[in-house]
There are 2 protein chains.
Amino acid sequence: MAQLITRSNETMENAGVGSPSIRFRKQECLSPRASEVQVRFLMAPIHPLDKLVIGGRYPVKPVYKHMGEDILGYDGVAEVLAVGPQVDDLYTGDLVIPSKFGLGTWRNVASLQRSDLEKIPRVKDLRFAAILRVSVMPAYFLVEDMATLRPGEYIIQNAGTSVMAQMVIQFARRHGIKTINVIRDRDQASAIMIQTALHQLGADTVVTESELLHNAASILENKKVTLAVDSVFGHSGRALMKALSAGGTYVQLGFLGGNQETLDLEPNDIFGKQIVLRAFRGSAQLASRSLVQQQALCDWLVHLFNEGQILLPPLGFTDVPWSGENGANEVLEAIRDAQVGELGRSKPMILFEMQEDSVDNV
Amino acid sequence: MAQLITRSNETMENAGVGSPSIRFRKQECLSPRASEVQVRFLMAPIHPLDKLVIGGRYPVKPVYKHMGEDILGYDGVAEVLAVGPQVDDLYTGDLVIPSKFGLGTWRNVASLQRSDLEKIPRVKDLRFAAILRVSVMPAYFLVEDMATLRPGEYIIQNAGTSVMAQMVIQFARRHGIKTINVIRDRDQASAIMIQTALHQLGADTVVTESELLHNAASILENKKVTLAVDSVFGHSGRALMKALSAGGTYVQLGFLGGNQETLDLEPNDIFGKQIVLRAFRGSAQLASRSLVQQQALCDWLVHLFNEGQILLPPLGFTDVPWSGENGANEVLEAIRDAQVGELGRSKPMILFEMQEDSVDNV
């Protein structure tokens, strides 16, 4: 039997937005049809994006349903178990990642459309593959596509401990572009630990929100800040925008600060400083590339990683075992924890255990 | 003697921003040097932009000075009196307009660099030439350059009675693009007068700010609003942004609402609705065109006007006579009135009187 984690829309409507019911479900797993591929998920992260999806606040909705419930999880890596008769370019054992959003990766086995999957090369650590679609590729697009960044110029970003931010630091550094990384206020010991980790990764400046607020002039002195990447919104996003140099670009990546905060523009932010404000969507940037380019990008990113030129986030992962029905609570608990968004936790990564029964019954 | 209107920076610094001293000055007018052209101004409007310049809040500063004071006025039309020995493409009697911002058009005669001036064809009404640089060309750029607008789509704009807005209506209509024009709340009689005038010009919808606030759903029903042009900021700008369809572009043209108001973005304005926010600067759009293209654009716009395809704003002008030292008070008064920004007044247009002494003494 396939095991999956769903979100009940019905329950959410009854209970009001923000109180959706996350459920562990079982479903018979049919053989792949003509253009389908049957896969076994190996790892799937729990991203802030998933939190937005669960809350109904992410614009791209889950594509697959079970009993009318959305199948959750947007990122991850799977291996091919079987292919339908019309699929001639994937084989059992190939590694695949989602080629689009909303695939439902929080399930152990699934039959999916071939076009929903992107084949990737063998990878030194599956964790990199599991975050390729939602953290690595968007970080690459942020550095490449959002502004014309020249060596010596700066990107300022908040949520500096996020996996995405740690990837932005690395892609920026490869181009000689510097980063100012804003982390939330926290105790000194953990702030120093984070600063050390980010500096080792190539970060130029790591500051807390309070430090940026109170010492902006000296922190920003002689820095041309061309791009602001805001994952928080509200006051934190406002501070990034204030830090931008004239002509800079503000990009909204998300709103970890919740959806109650506003970002208050002053008349001369846009008009006087000529700042452009826009959203970032990884899916839109991916779609702006041809299928051949998308495949080449995946291959190249895995290659960079296998060569050690791009590293996994040193702030690390928390393993969450998926051990079938009996272990469902641990996964559901990890999802709930991620929704609370406690400070300084490392990325939860669901590890699907190879179970005899799941393979037998697919 | 040349007569000119200046802004004293010194006085402003002493009195605090917002209290600059506007002065009527006289200056000896020398013959044009090698690459200079001596001109006599015929008409010069008083634009909201001038108000920003006087307040020190416009990014492009006045270029010409007299006794350390900025020479004011950014738009207008002049005729050539004499040219310097190196100028071989302008002749006495030619009509010229500023080719760039900050020229100081509130003066009767001046010697200016040839490169500061753009020659225009003979024009049916000099008022059109006098607003070409600051109202007509920017309106054209707004419709052409800011978003991909398709027939049937909408531009929403506030300050609907402004000369710029009346030009946007006309350029939009030429492309089959519709306009929603927001005017400030006012008594019913003058609201109806304005609605009639704007509808005759080609406006599709004319609403007051209160109407938009309270009946947004029915006003916007089935309308794809692709571009918002905000000249006011604050709550008025916020209402325009809320009216935008997904993927739309918000352009900040100015902030007539004053520089105290903020425009408060909600998390899903940018992220969920994928709205882009940017400033508009006519000078930047002009500079994106070659000198040959700029000249061709001027010629074509004057041609359209002479043919009756583009009309002067039906809401009209208020004549302000420039009658030398004795009449200086009337001009200074008109500038002060414009700074107050009273509702529903027509555009003040300074008419430079042909005075014997000004011609004799140039």
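The following paragraphs describe the interface, ring pairs, salt bridges and selected residues of a predicted two-chain model.

In this predicted model, local features need pLDDT of at least 70 and side-chain atom pairs count only at pLDDT 80 or more, whereas totals for chains, interfaces and linings use all residues. Residues are numbered from 1 along each chain as its sequence is written, chains are lettered from A and ligands numbered from 1 in the order in which they are written, and side-chain values use heavy atoms, with hydrogens and water left out.

The interface comes first. Chain A contributes 31 residues to the contact, and chain B contributes 31 residues; contact means heavy atoms within 4.5 Å. About 2400 Å² is buried between chain B and chain A, 66% of it on carbon and sulfur atoms. Buried area here is the accessible area (1.4 Å probe) that two parts lose on being put together, summed over both. Zero salt bridges are counted between chain B and chain A. A salt bridge requires a side-chain nitrogen of Lys or Arg within 4 Å of a carboxyl oxygen of Asp or Glu. Polar contacts do cross the interface of chain B and chain A, in 13 residue pairs with both residues at pLDDT 80 or more. A polar contact is a pair of N or O atoms within 3.5 Å; within protein, one must be able to donate a hydrogen and the other to accept it, and residues adjacent in sequence count only if both atoms are side-chain atoms. On the side of chain B that touches chain A, at least two residues each come from strand S14 (249–252), strand S15 (263–265), helix H10 (267–270) and strand S16 (276–279). S16(B) gives the most to that side, with four residues. Helices (H or I, at least four residues) and strands (E, at least two) are DSSP runs, numbered from the N terminus.

Aromatic pairs were searched next. The whole structure holds 24 of them over all chains. Rings of Phe, Tyr and Trp (its six-membered ring) pair if their centres lie within 6.5 Å; planes under 30 degrees apart count as stacked, over 60 as edge-to-face and the rest as tilted. Tyr58(A) and Phe101(A) form a tilted pair, because their ring centres are 6.1 Å apart and their planes stand at 50 degrees. This pair links distant parts of the chain, 43 residues apart. Tyr58(A) lies in the loop between helix H2 (48–54) and strand S4 (65–66) of chain A, and Phe101(A) in the loop between strand S7 (95–98) and strand S8 (109–113) of chain A. Tyr58(A) is buried at 6% relative accessibility, and Phe101(A) is buried at 6%. Buried means under 20% relative accessible area, exposed over 50%, and partly exposed in between (1.4 Å probe, protein chains only).

In chain B, the rings of Phe41(B) and Phe352(B) are also tilted, with centres 6.2 Å apart and planes at 40 degrees. Phe41(B) belongs to strand S3 (residues 36–45) of chain B and Phe352(B) to strand S18 (residues 347–352) of chain B, so the pair ties together parts 311 residues apart in sequence. Phe41(B) and Phe352(B) are both buried.

One aromatic cluster comprises Tyr58(A), Tyr74(A), Phe101(A), Phe255(A) and Phe271(B). The ring of Phe271(B) also lies under the charged end of Arg281(A), 5.8 Å from the ring centre. Lys124(A) lies over the face of Phe305(A), 5.5 Å from the ring centre. A charge sits over a ring if NZ of Lys or CZ of Arg is within 6 Å of the ring centre and within 35 degrees of the ring normal.

Salt bridges number 34 over all chains. Asp145(A) and Arg289(A) meet in one, at 2.8 Å from N to O. Asp145(A) is in helix H4 (residues 132–145) of chain A, and Arg289(A) is 144 residues apart from it, in the loop between helix H11 (282–287) and helix H12 (291–306) of chain A. Asp145(A) is partly exposed at 25% relative accessibility, whereas Arg289(A) is buried at 18%. In chain B, Asp70(B) bridges to Lys65(B), with the closest N and O atoms 2.5 Å apart. Asp70(B) is buried at 4%; Lys65(B) is partly exposed at 45%. A network of salt bridges links Arg238(A), Lys242(A), Glu266(A) and Asp269(A).

Two non-glycine residues have a positive phi: Ala159(A), at about 50 degrees, and Asn222(A), at about 60 degrees. Ala159(A) is buried at 17% relative accessible area, whereas Asn222(A) is exposed at 77%.
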